[in-house]
Amino acid sequence: MEEEQSFSDICGGRLALQRRYYSPSCREFCLSCPRLSLRSLTAVTCIVWLAAYGLFTLCENSMILSAAIFITLLGLLGYLHFVKIDQETLLIIDSLGIQMTSSYASGKESTTFIEMGKVKDVVINEAIYMKVIYYLCILLKDPVEPHGISQVVPVFQSAKPRLDCLIEVYRSCQEILAHQKATSTSP
């Protein structure tokens, strides 16, 4: 079963949350950000090239124009490959673990997997970032202190969804964690 719902990020931009229910113990959440705007890309390119042309007219050195084109192309490729994330996915399977995947605009994917035995809880935390923002995070058990927390792993770092979207994901994660605890304690 698949559902899609629209939400907004902390800046007011559109986000799309796709929920896929594979079973009562396995769910996937895909948060899609807007694609790179051709208008903003064109504006930045024009500003850089006009500044380079202005320097060229002052210095009369053609290397400035060549460098501007080269820097613009390298900057765009670097931005698409290392910065611009189009989709973030959270897959939670109660008997296995949690997988987080970030898909970049260039097609590159970055995946992190956390074993369920290391997961203490999934919570919504708040932070001050020019204003109060909320983020979903995974609390990892401390191997030395069983009741302690060794690490906090934030989820959906790039998309920065608002609280209403985080609550939807949080409730589903808590259902799966409760199911996992119930099945692990039963004989």
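These numbered points go through a predicted model, from its two annotated helical spans to its pockets and its nonpolar core.

1. **The annotated spans.** UniProt, in an unreviewed entry, places the feature "transmembrane region" at residues 36-56 and 62-82. That label comes from the record and may be inferred rather than shown by experiment. The model can be set beside it. Residues 36-56 are 90% helix and 0% strand. Their end C-alpha atoms are 30 Å apart. Residues 62-82 are 100% helix and 0% strand. Here, too, the end C-alpha atoms lie 30 Å apart.

2. **Cys46 in helix α1.** Helix α1 covers residues 38-59, and Cys46 lies in it. Is Cys46 buried, exposed or partly exposed? The cut-offs matter here: buried is under 20% relative accessible area, and exposed is over 50%. Cys46 has 40%, so it is partly exposed. Thr72 is 26 residues away from Cys46 in sequence. In space the two are 9.9 Å apart, C-alpha to C-alpha.

3. **Ser40, also in α1.** Ser40 belongs to helix α1. Its relative accessibility is 35%, so it counts as partly exposed. How far is Ser40 from Tyr170? In sequence, 130 residues separate them. In space, the C-alpha to C-alpha distance is 34 Å.

4. **Phe56 and what it touches.** Phe56 is another residue of helix α1. With a relative accessible area of 24%, Phe56 is partly exposed. Which residues does Phe56 contact, once its neighbours within four places in sequence are left aside? They are Asn61, Ser62, Ile64 and Leu65.

5. **Glu60 in the loop.** Glu60 sits in the loop between α1 and α2. Its phi is near 55°, which is positive although the residue is not glycine. Check this backbone angle when viewing the loop. Glu60 has a relative accessible area of 67%, so it is exposed.

6. **The second largest pocket.** Its volume is about 220 Å³. Which elements give two or more residues to its lining? They are α1 and α2, the latter being residues 62-82. The lining consists of Leu36, Ser40, Leu41, Val44, Thr45, Val48, Ile71, Thr72, Gly75, Leu76 and Tyr79. Ser40 from point 3 is one of these residues, and so is Thr72 from point 2. By class, the lining holds seven nonpolar residues, four polar and no charged.

7. **The largest pocket.** This one has a volume of about 290 Å³. It is lined by 18 residues. Closest to its centre are Asp9, Cys33, Lys84, Ser158 and Ala159. How does the lining divide by class? It has 11 nonpolar, three polar and four charged residues. The second largest pocket, by contrast, has no charged residue in its lining.

8. **Asp86 in β4.** Asp86 is found in strand β4. Its relative accessible area is 8%, under the 20% cut-off, so this charged residue is buried. What surrounds Asp86? Beyond neighbours within four places in sequence, it contacts Leu31, Ser32, Cys33, Pro34 and Arg35, along with Ser103, Tyr104 and Ala105. Cys33 is also among the residues closest to the centre of the largest pocket.

9. **The largest nonpolar core.** In soluble globular proteins, nonpolar side chains tend to be buried together. The largest nonpolar core here has 27 residues. Leu90, Ile98, Ile138 and Phe156 touch the most other members. Elements giving two or more residues are β2 (14-23), β3 (26-32), β4 (85-93), β5 (97-104), β7 (119-128), β8 (132-141), β9 (149-155) and α3 (163-185). Which element gives the largest share? It is α3, with six residues.

10. **Phe156 in that core.** Phe156 is in the loop between β9 and α3. Why does it count as buried? Because its relative accessibility is 5%, and buried means under 20%. Leaving aside neighbours within four places in sequence, Phe156 contacts Phe29, Leu31, Glu88, Leu90, Leu136, Pro161, Leu166 and Val169. Leu90 is itself one of the core members with the most contacts to other members. The phi of Phe156 is near 55°, a positive value in a residue other than glycine. Glu60 also has a phi near 55°, but Glu60 is exposed, whereas Phe156 is buried.

Methods
Residues numbered from 1 in each chain as written. Predicted model: local features only at pLDDT ≥ 70, side-chain atom pairs only at ≥ 80, totals over all residues. Heavy atoms only, no water. Helix = DSSP H or I, 4+ residues; strand = E, 2+ residues; numbered from the N terminus. Buried < 20%, exposed > 50% of the residue type's maximum accessible area, 1.4 Å probe, protein only. 1 Å grid on protein atoms, 1.4 Å probe; cavity = no way out; pocket = protein on both sides within 12 Å on 5 of 7 lines; lining within 4 Å. Points joined across faces, edges and corners; volume = space filled by probe spheres on them. Core = buried A, V, L, I, M, F, W, Y, C linked by side-chain atoms within 4.5 Å. Contact = heavy atoms within 4.5 Å.
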